[in-house]
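Visitor: Before we begin, please show me the model, and then explain the terms by which it is described.

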Amino acid sequence: MTRNLVVLAAAAACLSWALPVLAHDYTAGSLTIAHPWSRKAPPSAPVVGGYVSITNNGSESDRLVGGGSRLAERVEIHVSSVEDGVARMRPAADGIEIAPGETVELKPGGTHIMFIKPSGLPEEGGKFPASLTFEKAGAVDVEFAVEPMRGPAKEEPASAHHGGHGESAQ
Ligand SMILES: [Cu+2]
């Protein structure tokens with residue numbers, strides 16, 4: 001084997017390690033942050049939702065209070081509700097509590113992370129960096145995987161609302 005072939009073989013081995021995995025988890029203190037994911041945002045989408053499952057393995061409650069990403073103007077935690085048959089969402093004033101022993105699921109149609117004015121988000125299959133901020137665990141760097149739509153498609157159209165919260169989200 002020539003030296004070049006050895007180098008190529010090594011590069012191929014590295015590439016296979018770099019292939020995306022289906023799930024990716026993070027640990028911060030007693031929190032497990034499982035599989036942050038996001039939808040593909042149409043170009044110029046004013047907002048895009050982020051979803052994740054957070055488990056508190058500790059004995060003290062913690063709160064998800066915010067986040068950040070260099071690919072969004074800002075990041076908010078939103079709660080969704082249906083009032084008079086109209087889906088609405090608003091920032092969670094005090095964040096989202098993750099009680100000891102509990103798993104909180106942020107998902108389409110429910111509580112979610114909102115990337116406001118995203119720019120340069122990758123295509124489906126890509127990942128982008130962001131951080132989630134917890135009251136006790138602090139800021140945790142994660143990557144959101146951009147995935148095809150799953151679950152019910154009716155809520156939270158990526159191109160609607162956020163001109164003003166409380167407006168109809170279609
Ligand atoms: Cu929202």
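Guide: The following exchange sets the descriptions of this model against their definitions.

Guide: This is a predicted model, in which local features need pLDDT of at least 70 and side-chain atom pairs count only at pLDDT 80 or more, while totals for chains, interfaces and linings use all residues. Residues are numbered from 1 along each chain as its sequence is written.

Visitor: What is the average pLDDT of the chain?

Guide: The chain averages a pLDDT of 82, and 75% of the residues score at least 70; pLDDT is the predictor's confidence in each residue, from 0 to 100. Over residues 11-21 the pLDDT stays under 50, and the model has 1 contact beyond four places in sequence for that stretch. Residues 153-170 also have a pLDDT below 50, with 33 contacts beyond near neighbours in sequence. A contact here requires two C-beta atoms, placed from the backbone, to lie within 7 Å.

Visitor: How many helices and strands are in the chain?

Guide: There are 1 helix and 11 strands. Helices (H or I, at least four residues) and strands (E, at least two) are DSSP runs, numbered from the N terminus. Along the sequence the pattern is α-β-β-β-β-β-β-β-β-β-β-β.

Visitor: Why is Val-75 called buried?

Guide: A residue is buried if 20 or more other C-beta atoms lie within 10 Å of its own, exposed if 12 or fewer, and partly exposed in between, with C-beta atoms placed from the backbone. Val-75 has 20 other C-beta atoms within 10 Å, and therefore counts as buried. Of the 170 residues of the chain, 25% count as buried.

Visitor: Which residues does Val-75 touch, not counting residues up to four places away in sequence?

Guide: Val-75 lies in strand β5 (residues 72-83), and its contacts include Gly-66, Ser-69, Ile-113, Phe-115 and Ala-130. Ile-113 is 38 residues apart from Val-75 in sequence, yet their C-alpha atoms are 7.0 Å apart in space.

Visitor: What makes β5 and β9 a pair?

Guide: Two strands pair if DSSP finds at least two bridges between them. β5 and β9 have 6 bridges in the antiparallel sense, and so satisfy that criterion. Among the bridge partners, Ala-72 is matched with Pro-118 in β9, and His-78 stands opposite His-112.

Visitor: Which other strands are joined to β5 or to β9?

Guide: Strand β3 (residues 47-56) runs antiparallel to β9 and is joined to it by 4 bridges, with Gly-49 opposite Met-114. On β5, 6 bridges lead to the antiparallel strand β6 (residues 86-91), where Ala-87 is the bridge partner of Val-82. The hairpin of β5 and β6 has 2 residues between the strands, and Asp-84 takes a positive phi near 55° there.

Visitor: How do you know that strand β9 is mostly covered?

Guide: In β9 (residues 112-118), 5 of its 7 residues are buried.

Visitor: Which residues touch the most other members of the largest nonpolar core?

Guide: Ile-33 and Phe-115 do so, in a core of 28 residues. β2 (31-39), β3, β5, β9, β10 (127-134) and β11 (138-147) each supply at least two residues of this core, and β3 gives the largest share, 5 residues. A nonpolar core is a set of buried Ala, Val, Leu, Ile, Met, Phe, Trp, Tyr and Cys residues joined through C-beta atoms within 7 Å. Beyond four places in sequence, Phe-115 touches residues including Val-47, Val-48 and Val-75.
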